[in-house]
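Please look first at the sequence and the model together, and then follow the explanation below, which goes from the inside of the chain to its surface.

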Amino acid sequence: MIGLPYLAAIALAAGIHVNANPQPLRRETLQEAASNAKHLIHTISTGTMASVFPSEGDNAGRPFAMMEYHAPCHPDPSLTFVLMPISLSTRNILKNDNHYATYTVQMPAEGVRSPMSRGRVAFIGVSLSVYRAVKVMLMV
């Protein structure tokens with residue numbers, strides 16, 4: 001572990017001011033966090049869906065994550081996903097009796113000074129409600 005005097009020496013060598021008595025950072029309130037998550041969900045339409053491979057097969061029990069699209073078209077806090085049968089995420093979710101998955105969304109990195117400052121939210125271990133789609137043919 002590096003002590004404060006050592007870090008201060010590094011900071012001084014780099015020309016950075018170090019406050020010997022730093023004030024604790026203000027944490028966002030639950031209401032602010034919910035508002036920020038809602039804004040993020042309505043601003044960004046892609047995220048990472050994570051699931052676990054079912055107990056049978058070569059990848060049994062291993063995690064799998066891939067980019068997916070969502071639409072905030074139901075009342076808050078619901079999201080809508082179009083899950084295609086060819087998707088490994090879809091297959092993993094449907095094989096799980098509770099249809100568990102985790103979904104994360106984050107702001108893009110463009111124009112951000114530090115990746116740590118990007119807004120992000122994770123919906124961990126949520127149970128997805130699955131509605132079967134009706135096959136539709138589009139005649140052109």
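A residue is called buried when its relative accessible area is under 20%, exposed when that area is over 50%, and partly exposed in between. The model shown here is a predicted one, and in it Phe 81 has a relative accessibility of 18%, so it counts as buried. Tyr 103, with a relative accessibility of 2%, is therefore buried as well.

These two residues belong to the largest nonpolar core, which has 12 residues in all and is completed by Ala 37, Leu 40, Ile 41, Ile 44, Met 49, Ile 93, Ala 101, Val 105, Val 121 and Leu 128. Two or more residues of this core come from each of helix 2 (30-43) and strand 3 (100-106). Leu 128, leaving aside residues up to four places away in sequence, touches Met 49, Phe 81, Leu 83, Ile 93, Asn 98, His 99 and Ala 101.

The count of aromatic pairs comes to 2. One of them joins Phe 81 and Tyr 103 in an edge-to-face arrangement, with 4.7 Å from centre to centre and 80° between the planes. Because Phe 81 lies in the loop between strand 2 and helix 3 (88-95), while Tyr 103 lies in strand 3, the pair ties together parts that are 22 residues apart in sequence.

At the surface, Met 66, Met 67 and Tyr 69 make a nonpolar patch of about 350 Å². Met 67 lies in strand 2, which covers residues 63-69, and its relative accessible area of 47% falls between the two limits, which means that Met 67 is partly exposed.

Definitions and conventions. Residues are numbered from 1 along each chain as its sequence is written. This is a predicted model: local features need pLDDT of at least 70, side-chain atom pairs count only at pLDDT 80 or more; totals for chains, interfaces and linings use all residues. Side-chain values use heavy atoms; hydrogens and water are left out. Patches are made of residues with over 30% relative accessible area and no salt bridge: like charges are joined within 9 Å, nonpolar side chains (Val, Leu, Ile, Met, Phe, Trp, Tyr) within 5 Å. Accessible areas come from the Shrake-Rupley method with a 1.4 Å probe; for residues, only the protein chains shown count as cover. A salt bridge is a side-chain nitrogen of Lys or Arg within 4 Å of a carboxyl oxygen of Asp or Glu. Helices (H or I, at least four residues) and strands (E, at least two) are DSSP runs, numbered from the N terminus. Buried means under 20% relative accessible area, exposed over 50%, partly exposed in between (1.4 Å probe, protein chains only). A nonpolar core is a set of buried Ala, Val, Leu, Ile, Met, Phe, Trp, Tyr and Cys residues joined through side-chain atoms within 4.5 Å. Contact means heavy atoms within 4.5 Å. Rings of Phe, Tyr and Trp (its six-membered ring) pair if their centres lie within 6.5 Å; planes under 30 degrees apart count as stacked, over 60 as edge-to-face and the rest as tilted.
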